[in-house]
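Biologist: I'm new to this, so could you show me how to read a model like this one, feature by feature?

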Amino acid sequence: MSASTQTTPVLDPAAVAGAGRGTLLRLATAGSVDDGKSTLVGRLLHDTKSVLSDQLAAVERVSRDRGLTAADLALLTDGLRAEREQGITIDVAYRYFATATRSFVLADCPGHVQYTRNTVTGSSTADVVVLLVDARKGVLEQTRRHLAVTALLRVPHVVVAVNKIDLVDFSQEVYDRVEAEVQAVARELGVVDAIAIPVSALDGDNIAERSSRTPWYSGPSLLELLEALPPSDDPAHESFRLPVQLVIRPQGAARDEAHRDYRGYAGQVATGVVRVGDDVVALPSGRRTTVVGIDLGERTLDEAFAPQSVTLRLADEIDISRGDVIAAAVDAPEPTQDIKAVVCWLGDAPLRPGQRLLLKHGSRTVQTAVRTLDGVLDLDDLHAVPSEALSLNDIGLVTLRLAAPVPVENYSVSRRGGSFLLIDAHDGRTVAAGMVGATLPTAAAAPTEPEGDEEWEI
Amino acid sequence: MTTTTNTPDTQAAAATSVADATQPNAYAGGSTSADRRLSQLDALEAEAILVIREMAGELERPALLFSGGKDSVVMLHLATKAFWPAPIPFPVLHVDTGHNFPEVLAYRDETVERLGLRLVVASVQDYIDDGRLRERADGTRNPLQTVPLLDAINDNRFDGVFGGGRRDEEKARAKERIVSLRDEFGQWDPKNQRPELWNLFNPRHRPGEHVRVFPISNWTEVDIWRYIDREDIPLAPLYYAHEREVFRRDGMWLAVGPVSRPRDDEPTSTRLVRYRTVGDMSCTGAVDSPARTNAEIVLEVAASTLTERGATRADDRISEAAMEDRKKEGYF
């Protein structure tokens with residue numbers, strides 16, 4: 001462990017206080033168990049001075065009690081009793097850190113095989129996934145599974161941290177081999193722009209600052225890269241959609257007399273931009289009207305954009321209720337009762353054709369029946385194979401029939417408009433994460449790329 | 001592939017060129033207009049309002065935990081925005097330890113009055129008076145709140161309770177979902193939590209179960225203060241620097257009061273202090289502070305090397321897993 005771990009962090013108050021003016025980047029970790037995720041997270045928190053002295057003192061005390069000679073940074077995130085007892089991460093932990101230019105929400109996701117659903121959880125909201133790979137072990141089953149999830153969920157950025165580079169004597173040869181292996185798997189799964197970095201989470205090499213121990217590596221440190229990533233697409237490039245959460249109609253209960261006749265449709269702009277005067281359509285009814293006002297609390301806005309939570313006032317009193325979608329009139333999606341989708345199955349009991357479930361899309365929940373199961377992803381050779389059922393952690397292709405038309409979109413076009421939950425109506429559990437229109441690779445995987453693939457060398 | 005030379009003072013340039021090499025589209029598209037990117041505070045506000053509205057739509061009988069503390073005040077402010085110009089469509093619930101700061105109770109009542117809310121109070125004192133609960137040896141009543149809270153949830157048939165818990169407060173809370181299931185005994189099972197996917201929140205549950213909802217999960221203490229400052233939200237006066245008679249115990253300044261009396265070996269003094277958290281007076285410490293404005297507090301909190309609970313809560317120092325143990329039993 002490097003000497004820096006022992007120092008008491010000194011915060012930069014101006015940076016922390018001013019952090020709220022910057023943008024927010026949502027980050028998730030992934031990787032196989034023991035690849036060092038919690039240590040990496042602890043290192044990021046420590047090196048961004050996000051660990052306060054009482055937290056560090058607690059970690060040092062517990063580490064000492066266990067006979068360790070240096071603070072075990074994994075204890076910063078492994079907060080549950082069972083996690084500390086077993087030395088593993090069981091559940092997603094959320095942590096917060098900031099640099100001078102950006103604030104980060106970090107979902108630390110467990111790598112243990114039975115907890116893959118947590119990686120789906122962390123990845124579904126992430127702007128970037130940091131995938132840990134042990135330099136000594138290369139790509140493991142969990143690495144493939146996590147990359148498959150990352151690819152399916154279309155996380156905008158993937159960073160591959162080739163960890164424990166200190167344990168392979170900072171060998172460029174080993175790094176190049178592991179990186180080529182990861183990139184080959186990533187490309188098979190459709191992740192074409194993964195960026196790899198050699199790191200030692202334990203010692204801090206290439207985490208906050210670039211390491212002198214990897215002179216052959218010329219790229220950025222992990223933190224430099226995270227600060228430079230663009231957070232999200234410009235909402236103006238997407239079509240406007242707003243799932244209606246509530247109809248706000250105060251009548252006699254209005255906060256003041258002037259709003260007794262107020263009628264507004266409250267929701268979060270899922271995608272795109274809406275302006276006063278825009279023509280919109282209510283779905284699934286298809287009725288058209290015009291936006292005459294946009295409110296955010298007492299403030300009146302000229303336009304709203306994703307992901308603002310606002311209330312729209314419309315020119316006509318058309319029938320719109322919770323669960324409907326207000327969309328730009330020009331390119332509104334066609335509501336449908338038949339969906340083909342890829343689902344990550346998270347239920348303990350298997351999914352079988354014929355099963356009835358609830359489907360939640362936006363703010364609407366409808367009944368659904370599983371028509372057919374059209375394949376399951378084989379994680380060894382990464383293509384779809386026939387199957388009778390989907391088991392916990394399986395990724396499969398299904399055809400669903402809905403009890404009512406829902407304006408779903410293709411997930412490749414819109415993460416918000418194409419995502420849904422499957423829910424067990426009996427106990428309320430969320431049993432699947434679904435992506436409309438997604439597909440699984442059908443051909444057998446291509447042979448592994450040769451070492452040192454030029455295109456990916458940094 | 002862009003060639004990069006790697007010297008320490010060209011780090012930023014190198015970062016960019018690496019990115020260019022691997023992600024031409026993402027990096028070349030510098031056309032994003034800055035005014036259509038939400039600031040961190042606006043993004044957090046939008047997320048919180050989304051959650052509050054969604055649960056109001058999904059649940060039959062929710063309630064909002066309101067103690068008069070800063071986090072629950074921010075929650076009320078967000079709820080006001082979520083339903084404006086309609087009133088907040090659910091009652092607020094306070095678990096009263098009987099060890100409250102009088103200023104906080106006064107603030108609570110004033111706020112409830114101002115917003116026209118219905119207040120449900122679950123009183124720990126009532127439970128102690130009729131023998132259903134017994135005073136602890138250490139005198140703190142924070143852990144005693146669980147039973148009155150769960151009874152209030154059952155008696156009022158609340159199926160969801162909004163809380164102001166934040167993940168940055170404590171490491172067990174860091175594991176908490178935004179919408180979190182509680183079984184019929186009010187227990188939290190951290191090893192069996194629901195996956196929380198995209199912005200789709202699922203509070204469905206079986207009869208007898210309920211959900212706890214934490215819309216400000218992703219806010220940090222500094223975010224809370226920056227938001228209070230920006231929105232000009234009134235708070236109880238004890239959050240700001242004031243002179244108070246205090247004494248030292250467990251490394252904290254405790255107020256001299258009816259439930260926190262100094263022992264003979266604990267001299268009292270009058271100091272300029274403020275509270276970072278407000279809870280049971282007998283175990284909530286004040287911090288030395290000259291900060292009299294929200295802006296001054298933002299800077300002070302940002303510079304603090306202690307977490308708010310580490311600095312001010314004796315009960316969270318009991319063990320490494322004190323909060324986890326309380327939460328599993330049904331605590332907030």
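Modeller: Sure, let's start where a helix ends: helix H7 of chain B is followed by Arg157(B), whose phi is positive, near 55 degrees. Helices (H or I, at least four residues) and strands (E, at least two) are DSSP runs, numbered from the N terminus. This is a predicted model, so local features need pLDDT of at least 70 and side-chain atom pairs count only at pLDDT 80 or more, while totals for chains, interfaces and linings use all residues. Residues count from 1 along each chain as its sequence is written, and chains are lettered from A and ligands numbered from 1 in the order written.

Biologist: Why pick out a positive phi?

Modeller: Most residues other than glycine have a negative phi, and most peptide bonds are trans. Besides Arg157(B), look at Asp169(A), with a phi near 55 degrees, and Asp232(B), where phi is also near 55 degrees.

Biologist: Where do Asp169(A) and Asp232(B) sit?

Modeller: Both are in loops. Asp169(A) is between strand E5 (157-163) and helix H7 (172-188) of chain A. Asp232(B) is between helix H8 (221-231) and strand E7 (242-249) of chain B.

Biologist: Is Asp169(A) buried or exposed? And what does Asp232(B) count as?

Modeller: You count C-beta atoms, placed from the backbone: 20 or more others within 10 Å of a residue's own means buried, 12 or fewer exposed, and in between partly exposed. Asp169(A) is exposed because there are 10 other C-beta atoms within 10 Å. Asp232(B) has 7 such neighbours inside 10 Å, so exposed is the word there too.

Biologist: Back to H7(B): which of its residues are buried?

Modeller: Across residues 146-155, the buried ones are Pro148(B), Leu149(B), Leu150(B), Ala152(B) and Ile153(B). A handy rule is that an α-helix has 3.6 residues a turn, so residues three or four places apart point the same way.

Biologist: And what covers the buried residues of H7(B)?

Modeller: The cover includes strands E2 (92-96), E3 (119-123), E4 (160-162) and E6 (210-213), along with helix H6 (124-129), of chain B.

Biologist: You mentioned trans bonds. Which bonds to Pro284(A) and Pro307(A) should I look at?

Modeller: Try the one from Leu283(A) to Pro284(A), which is cis with omega near 10 degrees. Pro284(A) belongs to the loop between strands E11 (279-283) and E12 (288-296) of chain A. Ala306(A) and Pro307(A) are also joined by a cis bond, with omega about 0 degrees. You'll find Pro307(A) in the loop between strands E14 (303-305) and E15 (309-314) of chain A.

Biologist: How do I describe two helices that pack?

Modeller: You give the angle between their axes and the distance between the axes. In chain B, the axes of H3 (residues 40-58) and H4 (residues 70-83) come within 9 Å and cross at roughly 70 degrees. Here axes are lines fitted to C-alpha atoms, for helices over the stretch in contact, and angles run from 0 to 180 degrees between N-to-C directions. That makes H3(B) roughly perpendicular to H4(B), a label for 65 to 115 degrees.

Biologist: Which residues make the contact?

Modeller: H3(B) brings Glu45(B), Ala48(B), Ile49(B), Ile52(B) and Arg53(B), and H4(B) brings Leu78(B), Ala79(B), Lys81(B) and Ala82(B). Contact means C-beta atoms, placed from the backbone, within 7 Å.

Biologist: And how do the two chains look overall?

Modeller: Chain A has eight helices and 23 strands, with 55% of its 458 residues buried. Chain B has 11 helices and 10 strands, and 53% of its 332 residues are buried.

Key:
Two residues are in contact if their C-beta atoms, placed from the backbone, lie within 7 Å. Angles under 35 degrees count as roughly parallel, over 145 as roughly antiparallel, 65 to 115 as roughly perpendicular and the rest as oblique.
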